[in-house]
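Here's a quick walk through one chain, going from the overall fold down to a few side chains. Have the viewer open as you read.

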Amino acid sequence: MIYVLPIIAVLLSFVFVYLTKPKKTLYINLMLAFSGAFLLSITFFELLPEVYKETDSKVVALFILAGVLLQVFLEFFSKGAEHGHMHFVLKKNEFPTILFLSLAIHALVEGMPVASDSNILYGILIHKVPVALILSIFLINSSLKFSLSVLFIVLFAFMTPLGSFLALESTWFTQYKIYLQALAVGVFLHIATIILFESSKGHSFNLQKLLVIILGIATAYFL
């Protein structure tokens, strides 16, 4: 199940965009705000207590900070696609390798904690759907060949389950499980906070987004 659901979520998002041809609208922004709040809350409720109870706190903190820096580095190449920004310029009929690699590394890392905590899976799915919708809109509306867009989205769909698989089956991943989870915590913290900060453009008050954020936190708490 942990392998199948992220794949289905991404592929169905792509099919939905292909069939309905939506534009990036308020409902996707609200989904992003909810996903950011939910992912941040799940990180605090589930992941942080787990990584801090088993090893030296300073070492864990270093890996969390390394995760934040890793995500900052990846976003230099992806231009913020992980949290709903699509400022990447695609060349016609050329597979966007740099964009794919940056998103693939992010997806691999986010899949690792899923292997030991199924609640994290819900956070990943809720985060993945609006991002996959925005990515699909971008790919379908770009000058990229449709076959390359499909290849991109299929490969991307398999990256998070691959991270979960490696975390479960690889002895090397098992040996360094806590450190890799701490790395994922840093990635989640950066992604979630960026989404929440950007959910209020110009720092203006938006009741809808505030309610959605509160709902995301409450859902994670009662999960």
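What follows covers the fold, a polar cluster, a buried leucine and a nonpolar patch.

**Overall picture**

Keep in mind that this is a predicted model. The chain averages a pLDDT of 85, and 88% of the residues score at least 70. Among the elements, helix α1 (residues 4–20) has the highest mean pLDDT, 93, while helix α7 (residues 171–175) has the lowest, 78.

The secondary structure is quick to describe: nine helices and zero strands. Read from the N terminus, the order is simply α-α-α-α-α-α-α-α-α. Of the 223 residues, 51% count as buried. Look at the contacts with a separation of 6 or more, and 83% of them turn out to be between residues 24 or more positions apart. As for the outside, the chain exposes about 10,800 Å², with carbon and sulfur atoms supplying 71% of that area.

**The polar cluster around Thr-160**

Side chains of opposite charge can pair when their charged atoms come close. How many salt bridges does the count come to here? The count is one salt bridge, and the partners are Glu-110 and Lys-128. This pair links distant parts of the chain, with Glu-110 in helix α4 (residues 97–111) and Lys-128 in helix α5, 18 residues apart. Are the two partners buried or exposed? Both Glu-110 and Lys-128 are buried.

A third side chain joins in. Thr-160 sits in helix α6 (residues 146–169), and its side chain makes polar contacts with the side chains of both Glu-110 and Lys-128. Here are the distances for the three pairs:

| Pair | Type | Distance |
|---|---|---|
| Glu-110 and Lys-128 | salt bridge | 2.6 Å |
| Thr-160 and Glu-110 | polar contact | 3.0 Å |
| Thr-160 and Lys-128 | polar contact | 2.9 Å |

Why does Thr-160 count as buried? Its relative accessibility is 1%, and the cut-off for buried is under 20%. Leaving aside neighbours within four places in sequence, Thr-160 is also in contact with residues including Pro-6, Ala-107, Gly-111 and Ile-124.

**Leu-139 in helix α5**

Helix α5 (residues 118–141) also holds Leu-139. Leu-139 counts as buried because its relative accessibility is 0%. Which residues does it touch, once neighbours within four places in sequence are left aside? Leu-139 is in contact with Leu-90, Leu-144, Ser-149, Phe-152 and Ile-153. There's a long-range relationship to check in the viewer too: the C-alpha atoms of Leu-139 and Phe-14 are separated by 9.4 Å, though the two residues are 125 residues apart along the chain.

**A nonpolar patch on the surface**

Now for the outside again. Phe-44, Phe-45, Ile-217, Tyr-221 and Phe-222 make a nonpolar surface patch of about 580 Å². Two helices, α2 (26–52) and α9 (207–222), each supply at least two residues of this patch. Which helix gives the largest share? That is α9, with three residues.

Ile-217 is one of the patch residues, and it is found in helix α9. With a relative accessible area of 39%, Ile-217 is classed as partly exposed, because that class lies between the 20% limit for buried and the 50% limit for exposed.

Key:
Residues are numbered from 1 along each chain as its sequence is written. This is a predicted model: local features need pLDDT of at least 70, side-chain atom pairs count only at pLDDT 80 or more; totals for chains, interfaces and linings use all residues. Side-chain values use heavy atoms; hydrogens and water are left out. Helices (H or I, at least four residues) and strands (E, at least two) are DSSP runs, numbered from the N terminus. Buried means under 20% relative accessible area, exposed over 50%, partly exposed in between (1.4 Å probe, protein chains only). Contact means heavy atoms within 4.5 Å. Accessible areas come from the Shrake-Rupley method with a 1.4 Å probe; for residues, only the protein chains shown count as cover. A salt bridge is a side-chain nitrogen of Lys or Arg within 4 Å of a carboxyl oxygen of Asp or Glu. Patches are made of residues with over 30% relative accessible area and no salt bridge: like charges are joined within 9 Å, nonpolar side chains (Val, Leu, Ile, Met, Phe, Trp, Tyr) within 5 Å. A polar contact is a pair of N or O atoms within 3.5 Å; within protein, one must be able to donate a hydrogen and the other to accept it, and residues adjacent in sequence count only if both atoms are side-chain atoms. pLDDT is the predictor's confidence in each residue, from 0 to 100.
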